[in-house]
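Reader: I am new to this structure, and I would like to understand the words used for it as well as the values behind them. Could we go through it by asking what each word rests on?

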Amino acid sequence: MEIESISIDDLKDLLPEPYITDWTALESSNDEEDFSRSAFELLKECGMVCAAIAGIQIKGELERNQAICTGLAIRLTKLGKTIVRDLSNRETFQQLSIARQVFETAGNLVYLLNDDGTGDRFNQYVY
């Protein structure tokens, strides 16, 4: 797909329905399996977002806000590759710190993509 800019609506059209965590079930769970299932679904969703973003080709220079979102998307992709590499080598000691970075980066990206068009969220992010 070739586009010169992308909006949250464009991105939403490329993605499946978001995974909704059942917090009530997790709060009453006595089994780690429920948490593992939720973590897997969130990681799977992150992978789908990265795959959708990886297929986007941007022509020309990016404006500041587009560059910020692109940088966050690239960071998500690299973190995802790190997770897959570690798991394929049967190494898990970095998973918690990497997962935290994934969640923070994804949260920042979603927050910025829902800017109301004034750019205030991007300004706050930069400051």
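Author: Let us begin with a definition: helices are DSSP runs of H or I with at least four residues, strands are runs of E with at least two, and both are numbered from the N terminus. With those names in hand, T21 can be placed in the loop between α1 (8-14) and α2 (23-27). Please keep in mind throughout that this is a predicted model.

Reader: How many helices and strands are there, and in what pattern do they follow along the sequence?

Author: The protein chain has six helices and two strands, and read along the sequence they give the pattern β-α-α-α-β-α-α-α.

Reader: What is the confidence of the prediction, and which elements have the lowest and the highest mean pLDDT?

Author: The average pLDDT of the protein chain is 79, and 83% of the residues score at least 70. Among the elements, strand β1 (residues 2-3) has the lowest mean, 48, while α6 has the highest, 93.

Reader: Why is T21 called buried?

Author: The word buried is used under 20% relative accessible area, and T21 has 13%, so T21 counts as buried. Leaving aside neighbours within four places in sequence, T21 is in contact with L26, S38 and L42.

Reader: S38 is one of those contacts; what makes S38 buried?

Author: The reasoning is the one used before: the relative accessibility of S38 is 8%, which is under the 20% limit, and therefore S38 is buried. S38 is found in helix α3 (residues 32-54), and, not counting residues up to four places away in sequence, S38 touches Y19, T21 and L26.

Reader: Is K44, whose place is also given in helix α3, buried, exposed or partly exposed, and how do you know?

Author: K44 has a relative accessible area of 36%, which lies between the limits of 20% and 50%, so K44 is called partly exposed. The C-alpha atoms of K44 and Y19 are 9.4 Å apart in space, with their positions 25 residues apart in sequence counted as the separation.

Reader: How do you know what span is expected for helix α4?

Author: The expected span is 1.5 Å times one less than the number of residues, and for the 25 residues of α4 (residues 64-88) this is 36 Å; the helix reaches 36 Å from its first C-alpha to its last, so the span is close to the expected one. The buried residues of α4 include I68, C69, L72, A73 and L76, and α4 is followed by R90, whose phi is positive, near 60 degrees.

Reader: Where is L109 found, and why does L109 count as buried?

Author: L109 is found in helix α5, and at 5% relative accessibility it falls under the 20% limit, so it counts as buried. The C-alpha atoms of L109 and C69 are separated by 6.2 Å, although these residues are 40 residues apart along the chain.

Reader: What makes the pair R100 and E104 a salt bridge?

Author: A salt bridge needs a side-chain nitrogen of Lys or Arg within 4 Å of a carboxyl oxygen of Asp or Glu; the side chains of R100 and E104 meet at 2.9 Å, N to O, and therefore the pair qualifies. A search of the whole structure finds one salt bridge. Because R100 and E104 are four residues apart in helix α5, about one helical turn separates them.

Reader: Why are R100 and E104 given separate words for their exposure?

Author: R100 counts as exposed because its relative accessibility of 58% is over 50%, whereas E104, with 40%, lies between the two limits and is therefore partly exposed.

Reader: Which residues make the nonpolar surface patch, and why is V126 called partly exposed?

Author: The patch, of about 390 Å², is made by Y125, V126 and Y127. V126 is found in helix α6 (residues 120-126), and its relative accessible area of 47% is neither under 20% nor over 50%, so V126 is partly exposed.

Reader: How much of the protein chain is buried?

Author: Buried residues make up 24% of the 127 residues.

Technical notes: Residues are numbered from 1 along each chain as its sequence is written. This is a predicted model: local features need pLDDT of at least 70, side-chain atom pairs count only at pLDDT 80 or more; totals for chains, interfaces and linings use all residues. Side-chain values use heavy atoms; hydrogens and water are left out. Patches are made of residues with over 30% relative accessible area and no salt bridge: like charges are joined within 9 Å, nonpolar side chains (Val, Leu, Ile, Met, Phe, Trp, Tyr) within 5 Å. Accessible areas come from the Shrake-Rupley method with a 1.4 Å probe; for residues, only the protein chains shown count as cover. Buried means under 20% relative accessible area, exposed over 50%, partly exposed in between (1.4 Å probe, protein chains only). pLDDT is the predictor's confidence in each residue, from 0 to 100. Contact means heavy atoms within 4.5 Å.
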